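User: I am a first-year student and should like a close look at a single part of this model. Please describe the open sheet and its surroundings, and then place that part within the whole chain.

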Amino acid sequence: MQDVHIIGLDIAKNSFHAHAAAVDGTALFSKALPRGRVLKVLGKLQPCIVALEACAGAHHWGREITALGHDVRLIPPQYVKPYVKRQKNDASDAEAIAEAASRPSMRFVAVKSPEQQGQAMVLKVRDLLTAQRTQTINALRGHLSEHGIVSPKGPQHLPRLEDEMNACEDDLPHTVISVCRVLFELIGSLSERIEALSLQLRQVSKQDDVAKRLMTMPGIGPVTAVSLSVLAPPPGTFSKGRDFAAWVGLAPRQHSTGGKTKLGRTSKMGQRDLRRLLIIGAMSTIQSAARRGGAPEGSWLARMLARKPKMLVAVALANKMARIAWVLMTRGGAYETPARA
């Protein structure tokens with residue numbers, strides 16, 4: 001027990017497995033542990049490295065094990081997979097976790113605090129309710145279109161749709177009217193909850209220094225700013241802005257060999273929520289410039305829009321926004337509008 005250098009801990013709901021190794025990689029023990037005995041066993045060991053996969057519950061266990069004096073390291077599951085030998089089971093997974101964590105070039109995930117997880121939960125629940133509202137609106141529009149009542153897309157057109165339904169109330173079956181009113185009430189309830197969560201995010205963005213600095217950039221509002229502050233790892237994890245953009249999934253996919261560099265389409269790896277929000281923010285910036293009569297003459301955005309499709313420019317602008325956001329989070333300061341060429 002005194003020679004334990006690293007422990008790979010494969011966690012689950014109730015059945016855990018621990019694999020301990022010495023400094024030279026020699027296996028010391030491999031044992032299955034029920035949920036209630038994990039902290040008791042680890043509490044008897046001298047402080048060492050405890051590695052876990054960054055999955056559901058990993059941050060909770062990371063905080064609990066850190067309180068025992070151990071050095072907790074969370075590894076993305078895709079980085080553990082190459083170290084699994086032949087058959088997959090709990091023992092092999094725990095051994096692979098310990099082996100992956102011992103690599104000097106391995107990348108780790110920072111353990112989040114309960115406050116960060118709470119803010120991330122607000123973001124996730126807001127996205128869930130927004131998706132449910134969109135689904136309900138589409139169902140309502142589809143059902144009414146079967147009876148000849150058609151309206152444009154978007155929640156802003158719901159009052160018009162309800163007025164048209166009420167105008168045709170005498171021509172529609174009572175069942176259709178009653179069910180549609182249930183859907184209207186459900187949409188209204190979802191909208192109220194979404195607005196309450198949005199207000200909560202706006203309040204958080206006013207109190208968070210990082211979020212306030214990020215909101216000085218065009219295309220980044222309270223939701224995107226809080227998402228960058230909560231969902232992104234510490235900015236010091238990346239050596240440059242391009243690495244952060246690649247982590248988000250906004251860098252080209254590489255397939256290079258023999259000294260020949262080949263860049264493909266956007267990789268779409270990494271944090272898809274941040275990627276979606278940055279692309280939406282970039283598109284809003286482009287649309288805002290179009291309403292003002294176009295981007296400033298000679299600017300990067302004007303040159304790109306003159307020769308590239310709008311969606312491609314939005315992804316490229318989102319890449320630039322990710323890099324600038326990394327600079328703001330790393331070096332501080334606020335966004336400054338670049339000088340015209």
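Analyst: Two residues are in contact when heavy atoms of theirs lie within 4.5 Å. By that criterion, among contacts in the protein chain between residues at least 6 apart in sequence, 53% join residues at least 24 apart. The model is a predicted one.

The part in question is an open sheet of five strands, arranged in the order E3-E2-E1-E4-E5 with mixed pairing. At its edges are strand E3 (27-34) and strand E5 (71-75), each of which pairs on one side only. On average, neighbouring strands of this sheet are turned by 20° against each other, direction ignored. As general background, the strands of a sheet pair through backbone hydrogen bonds, and they may do so in parallel or antiparallel fashion.

Within the sheet, strand E1 (residues 6-10) and strand E4 (residues 49-53) run parallel and are joined by four bridges. Here glycine 8 stands opposite alanine 51 in E4.

Two helices lie across these strands. Helix H2 (residues 58-66) lies across E1, strand E2 (15-21), E4 and E5, and runs at about 165° to E5. Helix H4 (residues 90-101) lies across E1, E2, E3, E4 and E5, at about 135° to E1.

The wider chain holds 13 helices and seven strands. Its radius of gyration is 26 Å, well over the 20 Å that the globule rule gives for 341 residues, so the chain is more spread out than a compact globule. Along the principal axes, the C-alpha trace spans about 80 × 60 × 45 Å. Buried residues account for 38% of the 341 residues. The chain exposes about 19700 Å², of which carbon and sulfur atoms supply 53%.

Elsewhere in the chain, helix H10 (residues 241-248) offers a further example of packing. Its buried residues are Gly241, Phe244, Ala245 and Val248. These four lie on the same side of H10, because they cover an arc of only 100° around the axis. In general, an α-helix has 3.6 residues a turn, so residues three or four places apart point the same way. The buried residues of H10 pack against helix H9 (222-231), helix H11 (272-291) and helix H13 (310-331). Just after H10, glycine 249 takes a positive phi of about 105°.

Technical notes:
Residues are numbered from 1 along each chain as its sequence is written. This is a predicted model: local features need pLDDT of at least 70, side-chain atom pairs count only at pLDDT 80 or more; totals for chains, interfaces and linings use all residues. Side-chain values use heavy atoms; hydrogens and water are left out. Two strands pair if DSSP finds at least two bridges between them. Axes are lines fitted to C-alpha atoms, for helices over the stretch in contact, and angles run from 0 to 180 degrees between N-to-C directions. Buried means under 20% relative accessible area, exposed over 50%, partly exposed in between (1.4 Å probe, protein chains only). The arc is that of the directions from the helix axis to the C-beta atoms. The radius of gyration is taken over C-alpha atoms; the globule rule is 2.2 Å times the number of residues to the power 0.38. Accessible areas come from the Shrake-Rupley method with a 1.4 Å probe; for residues, only the protein chains shown count as cover.
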